[in-house]
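Hi everyone, thanks for coming. I'd like to walk you through some side-chain contacts today, so please have a look at the structure as it comes up.

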Amino acid sequence: MAQTLKKLAGETVIYGASTMVGRLLNWLLMPFYIRTLTTYEFGVVINFYAILSVLLVVLTYGLETGFFRFSGKTKDQDSVYKTLLFTLFITSGSFLLLGMASYIPLSNFFYSGNHSLSILLLFVIVSFDAFLALPFARLRLDNRPIRFGVIKLANIGFNIFFNVIFLLLIPYGIKNHWLSSGIIEMYNRFDGVFYVFLSNGLSSVLTFFFFVADFFRLKGHLSRSIIKPVLLYSFPVLLVGITGMVTQNIDKIILPVLLDSNGFEKLAVYGANFKIGVLMSLFTQSFRFAFEPFFFKSQDKGKNTYVRIMDYFVFFGLIIFLGVTLFIDAINVVLTAEYLEGNSIIPLILLGQFFYGIYFNLSLWYKLTDKTWFGALFGFIGTGITVGLNFILIPIMGINGAAVSLVSGYFVMMVLSWWFGQKFYPVSYRVGRSFIFFLLALVVYFVDKSVVIDNLFFSTIFKGFIFAVFIGSFFVLNRLNKSFDD
């Protein structure tokens, strides 16, 4: 078991390094955007990316998980990969053609005729990224985290590079009269939203070329017999993915409508602080990349492995929660003054992402028992709660209502998955132990909020002390529970 955990930890570190560095670089676009875009433009960008996230899940329709599952069931992994890749090519290509035919009507209907070319670029991004989901999944299955990380970082690097050119260097050149009148006139035809999505579109297209040589070396054959069982297995996973993305993004889609007055500006404030809250997802996402292929390959390692993994996941997740909330003043340097009012949502977003990470860990039971419809059911329930509460709470509480809705939906999904998992694939998770750590984290959080120290130096020392006390409690409890590592 020790070797198995070391292997998972090693791959998590590699995936985590590339994922966390990449997402951190991508995350840093937020402070860049709030300084180069108007609040309205940044609100529209957040709205578009929320829609993009949902569409991307629809266009991949659970094939990553299906590929992992059926590659382990057959010796002809190449045929499974080739068939599913061709399927994605057909659907992604069709989606791009649909976008080319409908981007103007969509602009007229939803955005009063504005942002039409940005909508077209959204279709381009979703089509390319959906198609490349499977090549990235194969790198994970083949245990090639270094190449995976290099390409992911290159994709983000391209995106940042083009953003800097379009939103910083060219405006700087215009301001200092370095550019010709023709270039200035052409540049000024478009707004910041267009240049954000142009940058992303170019990076997605360039990332495609990293895999071109692999496409020419494809082995195996196309098989219709593969498609049906994979789609049947993946369809509930698709529903899980859709409900998960809707749960996480519905607030950013409907918030401008529910807060009709200055809706996009308020969405900008919400989105900037939401970005700080999803620092938790840097951890959960990197863990997910390593954990999903791991548990499909390691079903014979015993359920105690999953118990230990959950213990560490809960502990490190709570460390991130406290690290962000205790030292929020330092993190706030990335925001400008008009965005600080949204700080109240950050603890809720952190908890929501934490609950969702636990839910993902718990989801192994319905994937390993092929009861993936349960995941779809939990997703629908969580989405229903989140969407319903959004409509109720946003008009009353504003952006705080959206945050409460998110954490409520994820909490219910987590509890339901644990409850039913104990019936169909019982794993003796140490719920009491996790609950103790959760309570300790909340005590530390509220102690910090209750004790006000005006001196910055002594305030930082106090925060560091109570943070260290929480971390130390983990090791103390491990020592008391000698059976933890048996």
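Let me begin with one definition: a residue is called buried under 20% relative accessible area, exposed over 50%, and partly exposed in between. Please also keep in mind that this is a predicted model.

With that in hand, take Tyr356. Its relative accessibility is 25%, so Tyr356 falls into the partly exposed class. Tyr410, on the other hand, has a relative accessible area of 1% and is therefore buried.

Why put those two tyrosines side by side? The structure has 56 aromatic pairs, and Tyr356 with Tyr410 is one of them, a tilted pair with 4.7 Å between the ring centres and 35° between the planes. Tyr356 belongs to helix α16, residues 346-362, and Tyr410 to helix α19, residues 399-424, so this pair ties together parts that lie 54 residues apart in sequence.

For another geometry, look at Tyr445 and Phe446. Their ring centres are 5.1 Å apart and the planes meet at 75°, so we call this pair edge-to-face. Tyr445 is buried at 13% relative accessible area, while Phe446 is partly exposed at 49%.

Aromatic rings can also gather in groups. One aromatic cluster here is made of Phe89, Phe128, Phe131, Phe136, Phe148, Phe208, Phe209, Phe211 and Phe215. If you find Phe136 on your screen, you'll see Lys152 over the face of that ring, 4.2 Å from its centre. A similar arrangement involves Lys252, which lies over the face of Phe274 at 3.6 Å from the ring centre.

Now let's move to the surface. Which residues form the nonpolar patch there? They are Val443, Val447, Val451, Ile453, Phe457, Phe458 and Ile461, and together they have about 610 Å² of accessible area. Two elements each give two or more residues to the patch, namely α20 (431-450) and α21 (456-480). The largest share comes from α21, with three residues. Ile453 sits in the loop between α20 and α21, and Ile453 is partly exposed, at 31% relative accessible area.

On to the charged residues. How many salt bridges does a search of the whole structure find? The search gives eight, and I'll pick out a few.

Let me start with Arg138 and Asp78, whose side chains meet at 2.5 Å, N to O. Arg138 is in helix α6 (residues 116-141) and Asp78 in helix α5 (residues 77-110), so the salt bridge ties together parts 60 residues apart in sequence. Arg138 is buried, at 18% relative accessible area, whereas Asp78 counts as partly exposed at 25%.

Next come Arg147 and Asp214, which form a salt bridge at 3.0 Å, N to O. This pair links distant parts of the chain, with Arg147 in helix α7 (residues 145-175) and Asp214 in helix α10 (residues 212-216), 67 residues apart. Both ends are partly exposed: Arg147 has a relative accessible area of 24%, and Asp214 has 22%.

Asp214 has another partner, too. Arg217 forms a salt bridge with Asp214, and the closest N and O atoms are 2.8 Å apart. Arg217 counts as exposed, with 54% relative accessibility.

And here's one last thing to look for on your screens: Asp78, Arg138 and Asp142 are joined into one network by salt bridges that share partners. Thanks for listening, and I'm happy to take questions.

Terms used. Residues numbered from 1 in each chain as written. Predicted model: local features only at pLDDT ≥ 70, side-chain atom pairs only at ≥ 80, totals over all residues. Heavy atoms only, no water. Phe/Tyr/Trp six-rings, centres within 6.5 Å; stacked < 30°, edge-to-face > 60°. Helix = DSSP H or I, 4+ residues; strand = E, 2+ residues; numbered from the N terminus. Buried < 20%, exposed > 50% of the residue type's maximum accessible area, 1.4 Å probe, protein only. Lys NZ or Arg CZ within 6 Å of the ring centre and 35° of its normal. Patch = residues over 30% accessible without salt bridge, like charges linked within 9 Å, V, L, I, M, F, W, Y side chains within 5 Å. Areas by Shrake-Rupley, 256 points an atom, 1.4 Å probe, with all protein chains shown as cover. Salt bridge = Lys/Arg side-chain N within 4 Å of Asp/Glu carboxyl O.
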